[in-house]
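Reader: I am new to this structure and would like to be taken through it step by step. Could we go from one part to the next, with the reasoning given each time?

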Amino acid sequence: MIRILTIPSEIEYLKRLGYPVSSHIVGRVEDFDRDIIIRFGNSSLFYDRNYRSAEFRNVLNPASNISSNINKIGTRKKLSSVVNVPRTFYKYTPNNGVFVIRNRNHSAGSGFRVREAKGQSIRLNEGREYASEYIFGDEFRVWFVGNRTMRALRYSATGINPRFACKSKWSYEYCNTVSEDLHNQVLLGARTLGLSFGAADVIRNNGRWYFLEYNTAPSIDTATLRRFFKNNLYNLAQSRFPHFV
């Protein structure tokens, strides 16, 4: 059986995939050795009735990889070794430029601050926040499951486009294709982070892709997204764990 573990806010959406969905499972970890557990943003290790902590035997997106991805400072450093990321600063920003300042751990558009340095650097709370260069350009979200990808352009549904927008709160306009270079880079970044599925946020600037972050609990709030994940998660589970599907 395929089971989905997710964060509470995503339970109702994920039920539409047709699998049992919850934010926790009760019992013994051994009781689920023949199940496939899909961790959709849920990074909590299993604690059974004897208070033992463990990971499930057959897992897509292990808890340790999700937890590691939440630390965006560490994630940025890993990604920078394989794909382009905006210049990132951990103590001070340069004296001039526009920078996005965020907490080390964050979700969606929370903690998004844009500041412009005009002749004086911005001091950061080292270890707890970081700053990245604000990249101007079109922002895309690319969903991936195994070796399949799907892309959408972020756009403002209100028509209001401030100079320094938090585009993670904008709507999607689905694209027909994903270019080969973007497809390959998204999957390379995913492998580097140990993720089998999720979504990457990227910006196109002067012909180059810049990766902002990976999301392990991307909302599947449209029929297009539900079809993409339902079909491809099943195929991925079947290829990884053929004896249990």
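Reader: How are α2 and α3 oriented to each other?

Author: This is a predicted model, and in it the axes of helix α2 (residues 63-70) and α3 come within 5 Å and cross at roughly 95 degrees. Angles of 65 to 115 degrees count as roughly perpendicular. The two helices α2 and α3 are therefore, with respect to each other, roughly perpendicular.

Reader: Which residues in α3 meet α2?

Author: The α2 side of this contact is formed by S68, N69 and I70. By class, the contact of α2 with α3 has one nonpolar, three polar and two charged residues. On the α3 side, the residues that meet α2 are K72, T75 and K78.

Reader: Is α3 oblique or roughly parallel to α4?

Author: The axes of α3 and helix α4 (residues 180-193) come within 10 Å, and they cross at roughly 125 degrees. Angles under 35 degrees would count as roughly parallel, over 145 as roughly antiparallel and 65 to 115 as roughly perpendicular, with the rest as oblique. The crossing angle therefore makes the relation of α3 to α4 oblique.

Reader: What is the handedness of the crossing of α3 and α4, and which residues in α4 take part in the contact?

Author: The crossing of α3 and α4 is right-handed. By class, this contact has two nonpolar, three polar and one charged residues. From α3 come T75, K78 and L79, and the residues in α4 that they meet are G189, T192 and L193.

Reader: Which strands stand at the edges of the open sheet of four strands, and why is one side of each left without a neighbour?

Author: The order of this open sheet is β7-β10-β8-β9, with antiparallel pairing. Each edge strand has a single partner strand, so one side of each is left without a neighbour in the sheet; these strands are β7 (88-89) and β9 (113-118).

Reader: Which strands of the sheet does α3 touch?

Author: Helix α3 (residues 72-79) packs on the sheet, and its direction makes about 40 degrees with that of β10. The strands that α3 touches are β7 and β10.

Reader: Which residue in β10 stands opposite I101?

Author: Strand β8 (residues 96-103) and strand β10 (residues 129-133) run antiparallel and are joined by five bridges. Opposite I101 stands, in β10, the residue A131.

Reader: What is the radius of gyration of the chain?

Author: The chain has five helices and 15 strands. For 245 residues the globule rule gives 18 Å, and the value for this chain is close to that, so the chain is as compact as a globular protein of that length. The radius of gyration is 19 Å.

Terms used. Residues are numbered from 1 along each chain as its sequence is written. This is a predicted model: local features need pLDDT of at least 70, side-chain atom pairs count only at pLDDT 80 or more; totals for chains, interfaces and linings use all residues. Side-chain values use heavy atoms; hydrogens and water are left out. Two strands pair if DSSP finds at least two bridges between them. Contact means heavy atoms within 4.5 Å. Axes are lines fitted to C-alpha atoms, for helices over the stretch in contact, and angles run from 0 to 180 degrees between N-to-C directions. A crossing is left-handed if the near helix is turned anticlockwise from the far one by less than a right angle, and right-handed if clockwise. Ala, Val, Leu, Ile, Met, Phe, Trp, Tyr, Cys and Pro count as nonpolar, Asp, Glu, Lys and Arg as charged, and the others, Gly among them, as polar. The radius of gyration is taken over C-alpha atoms; the globule rule is 2.2 Å times the number of residues to the power 0.38.
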